[in-house]
Amino acid sequence: MEYTKQELLDKFAAAALTALIAKMPIFDRKGEFGVSLPIEEMQDIKKDLASSAYEYACWMMIAREASKEWLEINNTLTK
């Protein structure tokens, strides 16, 4: 299956977001572990996580292209 660059970027971002969320405490309407947080602060945290996930995804795309180029140069692509 082949993906468009945007689809691949979204898949990478989803993987990165999953890892980022796993490393952060879970926030709900009552806040972290029952400590009340303003909704705006919770929204900012979620926006920052999503933004970070796409930043990681962009670097993953760059690394992917670099490895494809390296493999082509070194003729080690599997056929």
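**Chat: burial, salt bridges and a charged patch**

User: What share of the 79 residues in the chain is buried?

Analyst: Buried residues come to 18% of the 79 in the chain. Keep in mind that this is a predicted model.

User: OK, and how many helices and strands does the chain have?

Analyst: Two helices and zero strands.

User: Which share of the contacts joins residues at least 24 apart?

Analyst: If you take the contacts between residues at least 6 apart in sequence, 62% of them join residues at least 24 apart.

User: What about the surface, how much is accessible, and what part belongs to carbon and sulfur?

Analyst: The chain has about 6600 Å² of accessible surface, and carbon and sulfur atoms account for 60% of that.

User: Switching to charges. How many salt bridges turn up in the whole structure?

Analyst: Two. One pairs E65 with R64, with the closest N and O atoms 3.5 Å apart. In the other, K68 pairs with E65, and there the closest N and O atoms are 3.5 Å apart.

User: E65 is in both, then. Which residues make up the network?

Analyst: R64, E65 and K68 are linked in a network of salt bridges.

User: Why might side chains like that pair at all?

Analyst: Opposite charges on side chains can pair when the charged atoms come close. For K68 and E65, the spacing is about one helical turn, because they sit three residues apart in helix 2, which covers residues 39–73.

User: How exposed is each of the three, starting with E65?

Analyst: E65 is partly exposed, at 29% relative accessibility. R64 is partly exposed too, with a relative accessible area of 34%, and K68 comes out as partly exposed at 35%.

User: Where do those labels change over?

Analyst: Under 20% relative accessible area is buried and over 50% is exposed, so values in between count as partly exposed.

User: New topic: which residues form the negative surface patch?

Analyst: E40, E41, D44 and D48 form that negative patch on the surface.

User: Let's take D48. Where does D48 lie?

Analyst: D48 is in helix 2.

User: And is D48 buried or exposed?

Analyst: Exposed, with a relative accessible area of 52%.

User: Quick recap of the charged groups?

Analyst: Sure. There's the salt-bridge network of R64, E65 and K68, and there's the negative patch of E40, E41, D44 and D48.

Technical notes. Residues numbered from 1 in each chain as written. Predicted model: local features only at pLDDT ≥ 70, side-chain atom pairs only at ≥ 80, totals over all residues. Heavy atoms only, no water. Helix = DSSP H or I, 4+ residues; strand = E, 2+ residues; numbered from the N terminus. Buried < 20%, exposed > 50% of the residue type's maximum accessible area, 1.4 Å probe, protein only. Contact = heavy atoms within 4.5 Å. Areas by Shrake-Rupley, 256 points an atom, 1.4 Å probe, with all protein chains shown as cover. Salt bridge = Lys/Arg side-chain N within 4 Å of Asp/Glu carboxyl O. Patch = residues over 30% accessible without salt bridge, like charges linked within 9 Å, V, L, I, M, F, W, Y side chains within 5 Å. Lys, Arg positive; Asp, Glu negative; His and termini not counted. Charge placed at Lys NZ, Arg CZ, Asp CG, Glu CD.
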